[in-house]
Amino acid sequence: MRLPNPRRVSTIALLGAATIALCAPVRSADSPSLKEAFQGSFLVGTAINRGITAGTGSRWRSQEQLDADIALVVAQFNQLTAENEMKWERIHLREGADGYEFEAADAFVEFGVAHDMYLVGHTLVWHSQTPNWVFAGSNPPPEAENAAGNLPPGRFGPRTYSGPRASREELLQRMRDHIFTVVGRYKGKIKAWDVVNEAIADSGTEVLRDSLWLQIIGPDFIAKAFEYAHEADPDAVLRYNDYGLENPAKRRKLITLIKSLQEQGVPVMAIGTQAHLNVSSASFENMDQALTEMASLGLPIHVTELDINSAEGGQRNTRAGIAENASATEGGLVDEAARRLTEAYEGIFRAFLKHRASVEMVTFWGPNDANSWRRRGTPLLFDVNGQPKPAFDAVIRLATEAGSK
Ligand code: G3I
């Protein structure tokens, strides 16, 4: 399933950008924005957090800095993903119809609609950031929540629930209710969903990660999630999203999984490849190979969480878990970090352009380094002050050259 032609999407966005460019402090005078430069090729988006959609400064970001962040988002991008606000632990805290908290997610959608952005919801079914109650049997003894191996229950609570478990039917029912409620609420506004996130095992020979979803429901939890999401919004683009797909072994598992879903007629409609990269391994060759193989599945490819880590600690680590983040961003920056970041971005954007028949969307995981989960690894095209780096100029140059061919 193809997205609307970026050229058409951008016509509306361009009108907005022209107005905003007058007041945005973030554009170098004669450079086109990312969304303008790539308008004939793919959408260019960013993940945003609740600070940006709420529009009020905090102890981390002054009002002035936040205003500049917002101006950057609006000027540069035509697609938005909710970085955290639609995760189960944020949107569906307690069991039952009154267990939802929509305020932050609603603010994300309102912000995106107001700025004519293509909106992506992230994420419906994930092994992480899902509260314990989801996996618990309907009448667990109170002490079960605090059983050995669990953290105390809470918003960012346990990732491994070891108390009495829900039955397969109970968990499927909760998954269905969650998907119908969340997808249904934003039907027609959220255009694409990360339906299942990071279900593939990082190592070993098993294709699927050993998650509670897998243990309780079985491997068809993935098919069920896609079927429910399709029923809830037949027009939404439904993605399978994972990280580390630049690694050939993990990519082989992805291909096995997606082919099996396709054979069963499961409505998986796009491949989401996160692309949390580092300056040592991100290259044209590596990305070209990855995109060539993923494109063989015949589905559109969305680059969903792009960043390129320049910190010493992250040069061998391609995992995307929050638990590995501290070590992946320590040790200071690699030598010649700015040059290496530029070369890395240049390489992967050359690959994106080469595969633009398949690549429909490229989403950065944050608009600038100040808003990045890996800010110490300076991974984005704009620095902590929102100023474009040489890597920005390099990708704009590539887009301009590609457009003139
Ligand atoms: O907002 C609260 C704040 O109120 C509180 O004081 C503070 C104390 O811990 O936590 C803040 O929330 C943190 C949130 O990031 C906002 O910064 C959470 O603890 C932290 O767990 C959360 O981390 C997010 C992580 O996913 C886990 O959900 C990152 O922002 C987010 O960038 C990251 O994104 C994931 C994708 O969803 C899936 N792919 C990998 C990617 C990177 O890990």
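**Entry 1: helix α10**

I began just past helix α10, which is followed by Gly-265, a residue whose phi is positive, near 75 degrees. Helices here are DSSP runs of H or I with at least four residues, strands are runs of E with at least two, and both are numbered from the N terminus. I noted that this is a predicted model, in which local features need pLDDT of at least 70 and side-chain atom pairs count only at pLDDT 80 or more, while totals for chains, interfaces and linings use all residues. Residues are numbered from 1 along each chain as its sequence is written, and side-chain values use heavy atoms, with hydrogens and water left out.

I then checked the span of α10: its 16 residues, 248-263, should cover 22 Å at 1.5 Å a residue, and its end C-alpha atoms are indeed 22 Å apart. The expected span is 1.5 Å times one less than the number of residues. At the start of the helix, I found a side-chain oxygen of Asn-247 within 2.8 Å of the backbone nitrogen of Ala-249.

Which residues of α10 are buried? I listed Lys-250, Arg-251, Lys-253, Leu-254, Ile-255, Leu-257, Ile-258 and Leu-261, where buried means under 20% relative accessible area with a 1.4 Å probe, counting protein chains only. These buried residues pack against α9 (221-232), β5 (237-242), β6 (270-273) and α11 (284-295), a contact being heavy atoms within 4.5 Å.

**Entry 2: helix α9 and strand β5**

I turned to α9, whose twelve residues reach 16 Å from the first C-alpha to the last, close to the 16 Å expected at 1.5 Å a residue. Its buried residues are Phe-221, Ile-222, Ala-223, Ala-225, Phe-226, Tyr-228, Ala-229 and Ala-232, and they pack against several elements, including β3 (118-126), α7 (168-185), β5 and α10.

In strand β5 I looked up Val-237, which is buried, because its relative accessible area is 5%. Val-237 and Trp-193 are 44 residues apart in sequence, yet 6.3 Å apart in space, C-alpha to C-alpha.

**Entry 3: Thr-46**

Is Thr-46, in strand β1 (residues 43-48), buried or exposed? I recorded Thr-46 as buried, because its relative accessibility is 0%. Leaving aside residues up to four places away in sequence, Thr-46 touches nine residues that I wrote down in part, among them Val-73, Phe-77, Leu-80, Phe-364 and Pro-367.

**Entry 4: the ligand**

Of the 17 residues around the ligand, I found that Glu-83, Lys-87, His-122, Glu-305 and Ala-320 come nearest, a residue being near if one of its heavy atoms lies within 4 Å. For polar contacts with the ligand I looked for pairs of N or O atoms within 3.5 Å. A polar side-chain atom of Asn-84 lies 3.0 Å from a ligand oxygen atom, and one of His-122 lies 2.7 Å from a ligand oxygen atom. The protein covers 66% of the 780 Å² of accessible area that the ligand has on its own, with areas from the Shrake-Rupley method and a 1.4 Å probe.

**Entry 5: the whole chain**

I counted 14 helices and nine strands in the protein, and buried residues make up 58% of its 405 residues. The mean pLDDT is 89, and 87% of the residues reach 70 or more, pLDDT being the predictor's confidence in each residue, from 0 to 100. Over residues 5-27, however, the pLDDT is below 50, although this stretch has 37 contacts in the model beyond near neighbours in sequence.

Terms used
Buried < 20%, exposed > 50% of the residue type's maximum accessible area, 1.4 Å probe, protein only. Polar contact = N/O pair within 3.5 Å; in protein donor to acceptor, adjacent residues only side chain to side chain.
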